[in-house]
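Opening a fresh page for this one. I want to see what holds the fold together and which parts I should leave alone.

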Amino acid sequence: MEIINLDIAVGEIAGESYPVSAYYPPLGTETEHRTIDTDSELLASSLQWANESSSVRRSSIEAAETLGSALYDTLFGGKLGIFLDKVLQYSETQETGVRLRLSSGDPSIVSLPWEFLFHPQTGRLFATDQTSMLTRYLSHYATFGRTRSLAAELPLRMLMVVPAVPDLDTTAEIERVRLAIEPEEDSQPTILMTVLGGPDEIVPLPRLLDTLQNDEQGFDILHFVGHGVSRGSRAFVRFNAAAGGETWLDSGVFARSLKPYALNQLRLAVLNTCESGARSATVRGVTSLAGLAPDLIRNGFAAVIGMQYSVLDSASLEFSQAFYRALTCCDTTGQVDAAITDARGRLATRFQGHRSFATPVLFLHTEDGHIFEFPSRDSEETPRDEDASSSDPHLGFARRLDEKSEQDSLDERAELNTEMASLKAKLRYLRSRRTRYGVRNRLDLFSEIVRTEERIEAIERRLTTTRVP
């Protein structure tokens with residue numbers, strides 16, 4: 001199924017409301033100013049339920065839907081709701097899906113648990129619906145940079161980092177992930193796991209960096225188990241000190257140390273830590289986002305999954321099994337948003353009314369959810385003079401063009417370069433308007449700048465993967 005992006009961008013607060021822009025290519029743009037009041041009685045009490053519902057005994061389908069409906073009314077209670085309904089109706093008639101990409105630079109918006117988002121009229125739970133997937137989208141090119149090559153091969157290689165933590169059952173977590181990725185009988189493994197650390201092993205940051213540097217094959221996934229916390233405007237992750245004990249690393253320092261490996265091969269970080277996902281520095285009056293995920297995205301990762309609540313042991317196993325299997329098999333191979341949506345759906349079914357399904361938060365920095373692009377197995381097994389021209393849907397926009405003729409490749413590169421020149425001229429014009437009019441700019445101007453930057457980035461990736469005769 002084709003998935004079309006629906007971008008929801010929430011700007012900085014102006015007075016008592018936020019400018020919100022929705023862009024969906026087939027239907028255009030809708031804008032509106034929305035009042036997002038987390039102190040309202042309904043939303044505040046619902047958020048309190050979510051924050052305190054760590055036990056299954058606190059499960060309540062009604063409470064979860066009430067929170068999701070309150071979030072829906074907060075964002076889609078006016079013109080944007082009418083526009084969203086048109087988008088969903090259009091997607092159904094065209095038999096396409098919708099990828100709802102929520103973005104905002106305001107920490108008080110990002111810190112809300114949007115994974116509960118629930119359409120009260122249709123009963124649609126976006127975080128678990130494959131036809132309307134929900135992601136947190138970090139789209140600002142100037143802030144987060146461009147995405148690199150996403151080419152990968154099965155089996156993927158995972159480095160599981162487990163610093164010694166006395167108050168966590170890390171042995172059980174290691175076994176849960178090992179069980180989750182274990183291949184079925186007579187099947188080849190799709191993920192190979194290397195464990196760094198464990199219950200009694202000291203893992204200082206230099207040991208992690210040495211492991212990444214000395215491994216000849218490289219790793220595709222970093223799965224971190226431990227503690228994270230927000231303090232003021234900063235986030236921190238717990239490692240071991242070289243002589244034992246603990247040391248708390250600033251998330252920016254941690255992310256920058258991983259940048260050389262993220263730019264080379266690491267694509268995905270899974271953070272099984274407290275406050276690793278969308279967390280704000282304070283409950284109210286937040287001025288900056290504190291969290292590991294955005295820092296990792298800034299330093300080259302294509303996608304980061306963090307946990308915005310503590311995770312039940314049984315839910316952790318269920319999530320890992322569903323997520324990693326969906327990521328490496330079936331129609332969702334390499335597609336992180338579809339994989340996490342599948343995993344959330346299984347959690348919502350098994351732990352009805354519990355917050356488990358809304359706990360995993362996906363931060364995405366690719367045009368679509370394909371963060372791993374695998375070569376076509378069929379093309380490897382089929383002689384070139386047979387049906388080698390069929391394309392592999394998992395290669396996406398940046399698929400290699402090895403089967404094209406030399407002239408086709410030359411023609412395509414010429415067309416792409418022409419489009420690139422036109423887009424760069426357009427971008428210069430848009431930026432000049434932004435500079436000239438400043439705060440008086442319409443929100444859709446900023447959206448158009450982001451879309452133009454993303455198209456330039458996509459063409460650059462296409463040019464790097466087009467074979468030069």
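I went to the core first. The largest nonpolar core has 77 residues, and I noted Leu6, Phe116, Leu268, Phe323 and Val336 as the ones with the most contacts inside it. Helix α2 (residues 61-76) gives the most to this core, eight residues in all.

I clicked on Phe116 to see its surroundings. Leaving out residues up to four places away in sequence, Phe116 touches Trp49, Ala50, Ala64, Leu67, Gly68, Leu71, Leu125, Tyr309, Arg355, Phe357 and Ala358. There is also a second, separate core of 31 residues; Leu205, Leu208, Leu249 and Tyr261 are among its members.

Confidence check. This is a predicted model, so I looked at the pLDDT before going further. The mean for the protein is 82, and 82% of the residues reach 70 or more. By element, strand β5 (residues 118-119) has the highest mean, 97, and helix α12 (residues 377-381) the lowest, 42. Two stretches went on my caution list. Residues 278-290 have pLDDT below 50, though the model gives this stretch 36 contacts beyond near neighbours in sequence. Residues 377-404 are also below 50, with 41 such contacts. Where pLDDT is low, the coordinates should not be read in detail, so I leave those contacts unread.

Overall numbers, for the record. I count 14 helices and 16 strands. Of the 469 residues, 53% are buried. Among contacts with a separation of 6 or more, 74% are between residues 24 or more positions apart. The exposed area is about 21,400 Å², with carbon and sulfur atoms supplying 47%.

Next, the sheet. What is the strand order in the open sheet of eleven strands? I read it as β3-β2-β1-β4-β7-β16-β15-β14-β10-β8-β9, with mixed pairing. The edges are β3 (28-34) and β9 (191-197), each pairing on one side only. Ignoring direction, neighbouring strands are turned by 25 degrees against each other on average.

I followed the pairing inwards from the β9 edge. Strand β8 (residues 156-162) runs parallel to β9, joined by seven bridges, and Leu156 has Ile191 of β9 as its bridge partner. Further along, β10 and β14 are parallel too, over five bridges, with Val225 opposite Asn272 of β14. Then β14 pairs with β15 in the parallel sense through four bridges; here Ala269 is partnered by Val304.

Is β14 mostly covered or mostly open? Covered: five of its five residues are buried. I checked each face. Leu268, Val270 and Asn272 are buried on one side, and Ala269 and Leu271 are buried on the other. In a regular strand the side chains alternate between the two faces of the sheet, and I see that split here. Leu268 also came up earlier, in the list of best-connected residues of the largest core.

Last, which helices lie on the sheet? Helix α10 (residues 313-328) lies across β8, β9, β10 (221-225), β14 (268-272), β15 (303-307) and β16 (360-364), running at about 175 degrees to β14. Helix α11 (residues 336-350) packs on the sheet as well, touching β4 (97-104), β7 (132-137), β14, β15 and β16. The direction of α11 makes about 170 degrees with that of β16. Both helices have β14, β15 and β16 among the strands listed for them.

Note on methods: Residues are numbered from 1 along each chain as its sequence is written. This is a predicted model: local features need pLDDT of at least 70, side-chain atom pairs count only at pLDDT 80 or more; totals for chains, interfaces and linings use all residues. Side-chain values use heavy atoms; hydrogens and water are left out. Helices (H or I, at least four residues) and strands (E, at least two) are DSSP runs, numbered from the N terminus. Buried means under 20% relative accessible area, exposed over 50%, partly exposed in between (1.4 Å probe, protein chains only). Contact means heavy atoms within 4.5 Å. Accessible areas come from the Shrake-Rupley method with a 1.4 Å probe; for residues, only the protein chains shown count as cover. pLDDT is the predictor's confidence in each residue, from 0 to 100. A nonpolar core is a set of buried Ala, Val, Leu, Ile, Met, Phe, Trp, Tyr and Cys residues joined through side-chain atoms within 4.5 Å. Two strands pair if DSSP finds at least two bridges between them. Axes are lines fitted to C-alpha atoms, for helices over the stretch in contact, and angles run from 0 to 180 degrees between N-to-C directions.
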